[in-house]
Amino acid sequence: MNFNQTREEVLEDILAKPKPLCPHCSEAMSLWEVPMMNFSDGLGWGVPYLYVCFNDKCPLFIAGWDHIGSEYAHKASTRCLNYPGTDSFDCMPVFSSMGGTAQIIDEEIVAQQKALDQAIKDGFAELAECYTTANHARVLAMTLDALTPPRVRLKAAEMIGDMGVLESIEPLKNGKYPSDILRQRVEDSIALLHQKTFTRECPFCAEIIKQRAAVCKHCGRDVAGH
Ligand SMILES: [Zn+2]
Ligand SMILES: [Zn+2]
């Protein structure tokens with residue numbers, strides 16, 4: 001997984017792919033939100049979401065009762081888990097048939113996904129409106145806003161370059177971008193903005209200067225030929 005991704009982006013990626021089937025019982029696995037607290041091994045899973053087979057008739061789960069039950073005083077079993085987006089399967093200890101089920105979030109995810117789809121639709125509609133009314137301030141705000149859905153931010157980042165307003169460059173440079181693809185899109189737009197406004201960055205102080213400036217008006221250094 002990409003560690004620059006937000007939780008929301010991780011979820012979007014997972015939902016875009018088909019659910020894995022449990023290799024023990026061939027049932028579709030359930031998406032499971034990993035609890036914030038660490039697991040009994042104290043290590044945690046290192047990912048926000050896992051797929052888990054919660055089928056009570058799963059051979060792994062049934063066999064686990066006998067196997068673990070004889071080794072430990074308390075009743076326990078294992079369920080099959082999968083790291084989303086990989087072919088990597090593992091076992092997770094559970095201490096009742098309900099163990100872990102509190103975090104099954106398929107239903108919740110569907111609702112979240114619906115809300116996200118709506119936010120994306122609204123976001124694109126707003127961007128189209130901003131473009132026709134030349135509202136670059138709003139497009140800039142959407143590019144910088146961490147709560148704007150990633151896909152809408154990406155489109156806003158592209159659009160802000162097209163709009164060609166010099167004042168957008170500085171805020172864009174100072175923005176925080178959770179993914180490489182968004183960061184790259186913003187850099188492309190900054191380059192386009194320089195091109196459209198006949199400007200560039202001073203190689204010494206990074207302030208914005210005219211493309212053809214011989215001396216930087218900010219730091220006073222000779223920038224001809226740089
Ligand atoms: Zn299974
Ligand atoms: Zn300078």
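**Notebook: hairpin, sheet and a helix pair**

I began at the hairpin of S3 and S4, where 6 residues lie between the strands and where glycine 85 takes a positive phi near 80 degrees. I note at the outset that I am reading a predicted model, so each entry below describes that model.

I then followed the two strands that flank this turn, and found that S3 and S4 run antiparallel and are joined by 6 bridges. Looking for a pair of residues to anchor the register, I found serine 77 standing opposite valine 94 in S4.

On the other side of the register question, I looked up how S3 (residues 77–82) meets S2 (residues 49–52), and these strands also pair in the antiparallel sense, here over 2 bridges. For tyrosine 51, the bridge partner that I found in S3 is asparagine 82.

Next I asked in what order the strands of this sheet are arranged. The sheet is open, has 4 strands with antiparallel pairing, and reads S1-S2-S3-S4. I marked S1 (30–33) and S4 (89–94) as the edge strands; each has a single partner strand, so one side of each is left without a neighbour in the sheet. From one strand to the next, the twist averages 45 degrees.

I turned to the helices and looked up H4 (residues 136–144) with H5 (residues 150–163), whose axes come within 8 Å and cross at roughly 140 degrees. I had to decide whether to call this pair oblique or roughly antiparallel, and since only angles over 145 degrees count as roughly antiparallel, the crossing makes H4 oblique to H5. The handedness of the crossing, as H4 passes H5, is left-handed.

I listed the residues that make this contact: H4 contributes His136, Val139, Leu140, Met142 and Thr143, while H5 contributes Val152, Arg153, Ala156, Ala157, Met159, Ile160 and Met163. Sorting the residues of the contact of H4 with H5 by character, I obtained 9 nonpolar, 2 polar and 1 charged.

Finally I stepped back to the whole chain, in which I counted 7 helices and 6 strands. Read along the sequence, these elements follow the pattern α-β-β-α-β-β-α-α-α-α-α-β-β. Of the 226 residues of the chain, 24% count as buried. I also looked at how contacts are spread over sequence separation, and among those between residues at least 6 apart, 51% join residues at least 24 apart.

Technical notes
Residues numbered from 1 in each chain as written. Chains lettered and ligands numbered in written order. Predicted model: local features only at pLDDT ≥ 70, side-chain atom pairs only at ≥ 80, totals over all residues. Axes fitted to C-alpha atoms, helices over the stretch in contact; angles between N-to-C directions. Parallel < 35°, antiparallel > 145°, perpendicular 65-115°, else oblique. Left-handed = near helix turned anticlockwise from the far one by under 90°. Contact = placed C-beta atoms within 7 Å. Nonpolar A, V, L, I, M, F, W, Y, C, P; charged D, E, K, R; others polar. Pairing = 2+ DSSP bridges. Buried ≥ 20, exposed ≤ 12 C-beta atoms within 10 Å, placed from the backbone.
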